Amino acid sequence: MQAYLNGFHPGDPERLPADPDRAAQPGLPDAVDVLIVGTGPAGLVLAAQLAQFADITTAIVERRDGPLEMGQADGVACRSIEMFDAFGFSERVVKEGSWVNEVTFWSPEAGAPDRIARTGRVRDVEEGLSEFPHVILNQARVQEFLLEAMEKAPSRLEPAYGWEVAGLSVVADPLHDAGDHPVAVTLRPTNDGAAADAAPADRVVRARYVVGCDGARSTVRRAIGRELRGDAANHAWGVMDVLATTDFPDIRFKAVIKSEAGSMLIIPREGGYLFRMYVEMGELEPGERVAQRGIGSDDVIAAAQRILAPYALDVHEIVWWSAYEVGQRVTDQFDDAGDGREPRVFVAGDACHTHSPKAGQGMNVSMQDAFNLGWKLAAVLRGQADASLLSTYSAERQVVAQQLIDFDRDFAAKMTARSHGADTDGPDEVATVMRETFVAQGRYTAGFGTRYEPALLTGDGTHQHLAKGFGIGERFHSAPVLRISDAKPVHLGHAHRADGRWRLYALADRADVRDPGSRLRALCEALTERRDAAVRRFTPAGADVDAVLDLRAVLQQPHTAVAPTDLPELLLPAKGRFGLHDYEKAFTSVGAEPDIFDLRGVDRDAGALVVVRPDQYVATVLPLDDVDGLTAFFARFLRDA
């Protein structure tokens, strides 16, 4: 990690110095740039990202009177941990979480359908899909890490607890009456108790933008006239976190169990003893809700015991439990844009898509919603990008949500499909289909199913052949490299921070970077010298050279053959108030295994320039010498500095 660019400070090096003029003050201000409603996973990811910018005034409100203590979401996909790395706490999640390494499958035993037997096992995540594992960690703990990231950031952002939205309106003409804060939000103290500094009366906060992360019953969503649409599957399930004793051998694996008594999913929880059970509780009548069934915790345990037979299950403590009906719903638009007007109000997470929890996608997709939106809001508010950039949020994420709904509908149906009873010696077709589904959908459940189609922020793939393994529109797939300055083995993607900057990863051609014929050297010189080229054109005067576009390079020469002082200026830039050199811009593939050029299919002769969005998705791939193409890409949405 890097620290102390603008001076040494004692204590935690990741706790950035606060801006005394712009850091958030206690209580709710009368006007903010962004008002976030809800401190769930989506709200806190958005807040943690915006907290990095002391020049953006952000407030986040929550109807509860304090942080979440016991969450319902638990699955943390590999993709989410990649995102957490950008916030600086991936190691803590990996350390504390329970790793999901394999999935086992159980079905009625052949010739003894009243008993279950293991019918197969698969890897949970395919080899090489990510450097991070799939883990299970309580939602409340994940949110605690995000709250810490907010508090460490320059704005020192903290939630205002005990407030709920009582009303929201947008001035039709932002230039009339409301100035540049056209959204008026009425906040009301909750019965849980208003924030300590709040008067027992409503407050009106004006905002440039509002983001509703306030759950499936979102007040913000209803205020902008959006509705969740979809169907319920008329099937009841119980979910329970327990401390229990059992002779079931796969209790510390993720286990899919289908017996004649029903279906069940076991998820090992963090700590080594706790586990979660999703237990099928039967079909609902058309129009019937699960609350009408009067399902109790004892009913869920009894159903689990029947499904697990002949294995015993003795529950000693119920940490948390609930009963729910499966349903998949999504809204057709994630903002209030219309009639040619740019969006001012957005919804994210459960506020715009809901589904069953068994595939472990809810928290993960919700956080990716917020990660997609946060950097776009920051770019617009800081004057770096046109307001049209904000329309890409709904366009990109609504498609992802619909894919999630379709996946979940198929997954839920297969979970409740009945095995044939294993009354023959042949394979159980239902169990086989379930196992094949897990394998086929492995990339999706790991968080890598998203692929943004060609549009404003995504190139058309003309030069994809230069770096076949960095799929345009897909998340940047990190790979090991060796840092030139100190020979430290690192992952290239871990240079990516949640700071709103674009990353330009230059995979060098074969020529030595000191050679005048080096395409990498020519790229660096053009970006440094040409006023009309991307770096100088879009970087504000007086800012560090990498404040908007952060160039990193991977050479094909060993670190012993290239000194940092041999590098072009753009790869050893002077930054900060002291003009300190940044020694962490250049890497080599030599000495790192596997070699990134081979691993990701990069053309060794021509090299490639991989352009990566602030949310870690590949925007485009270009030839190393295509400076004009790079500038033209950014000119579509960035403003001249």
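Analyst: Contact here means heavy atoms within 4.5 Å of each other. With that cut-off in hand, and bearing in mind that this is a predicted model, ask away!

User: What covers the buried residues of helix 1?

Analyst: The cover includes strand 1 (31–37), strand 2 (58–62), helix 2 (78–87), helix 4, strand 11 (203–212) and helix 7 (362–381).

User: What makes helix 1 count as largely enclosed by the rest of the structure?

Analyst: A residue is buried when its relative accessible area is under 20%. In helix 1, 10 of the 10 residues are buried, so the helix is largely enclosed by the rest of the structure. The buried residues are P41, A42, G43, L44, V45, L46, A47, A48, Q49 and L50.

User: Why are helix 1 and helix 4 called roughly parallel?

Analyst: Helix 1 (residues 41–50) and helix 4 (residues 139–152) pack at an angle of about 20 degrees. Angles under 35 degrees count as roughly parallel, and the two helices are therefore roughly parallel to each other. Their axes are 9 Å apart, and helix 1 passes helix 4 in a left-handed crossing.

User: Which residues of helix 1 and helix 4 meet?

Analyst: From helix 1 come P41, L44, V45, A47 and A48, and from helix 4 come Q139, Q143, L146, L147, A149 and M150. Sorted by class, this contact has 9 nonpolar, 2 polar and no charged residues.

User: Why does T331 count as buried?

Analyst: The cut-off for buried is under 20% relative accessible area. T331 has a relative accessibility of 0%, which means that it counts as buried. T331 is found in the loop between strand 16 (313–330) and strand 17 (345–347).

User: Which residues does T331 touch, not counting those up to four places away in sequence?

Analyst: T331 touches R226, E227, L228, C352 and Q398.

User: How do you know that strand 19 and strand 20 pair?

Analyst: Pairing needs at least two bridges between the strands. Strand 19 (residues 480–483) and strand 20 have 3 bridges in the antiparallel sense, so by that cut-off they pair. One of the contributors is L482, whose bridge partner in strand 20 is P489.

User: And what makes strand 20 and strand 27 edge strands?

Analyst: Each of them pairs on one side only. They belong to an open sheet of 7 strands with mixed pairing, in the order 20-19-25-22-21-26-27. Strand 20 covers 489–491 and strand 27 covers 618–622. From one strand to the next, the twist averages 30 degrees.

How values were computed:
Residues numbered from 1 in each chain as written. Predicted model: local features only at pLDDT ≥ 70, side-chain atom pairs only at ≥ 80, totals over all residues. Heavy atoms only, no water. Helix = DSSP H or I, 4+ residues; strand = E, 2+ residues; numbered from the N terminus. Axes fitted to C-alpha atoms, helices over the stretch in contact; angles between N-to-C directions. Parallel < 35°, antiparallel > 145°, perpendicular 65-115°, else oblique. Left-handed = near helix turned anticlockwise from the far one by under 90°. Nonpolar A, V, L, I, M, F, W, Y, C, P; charged D, E, K, R; others polar. Buried < 20%, exposed > 50% of the residue type's maximum accessible area, 1.4 Å probe, protein only.
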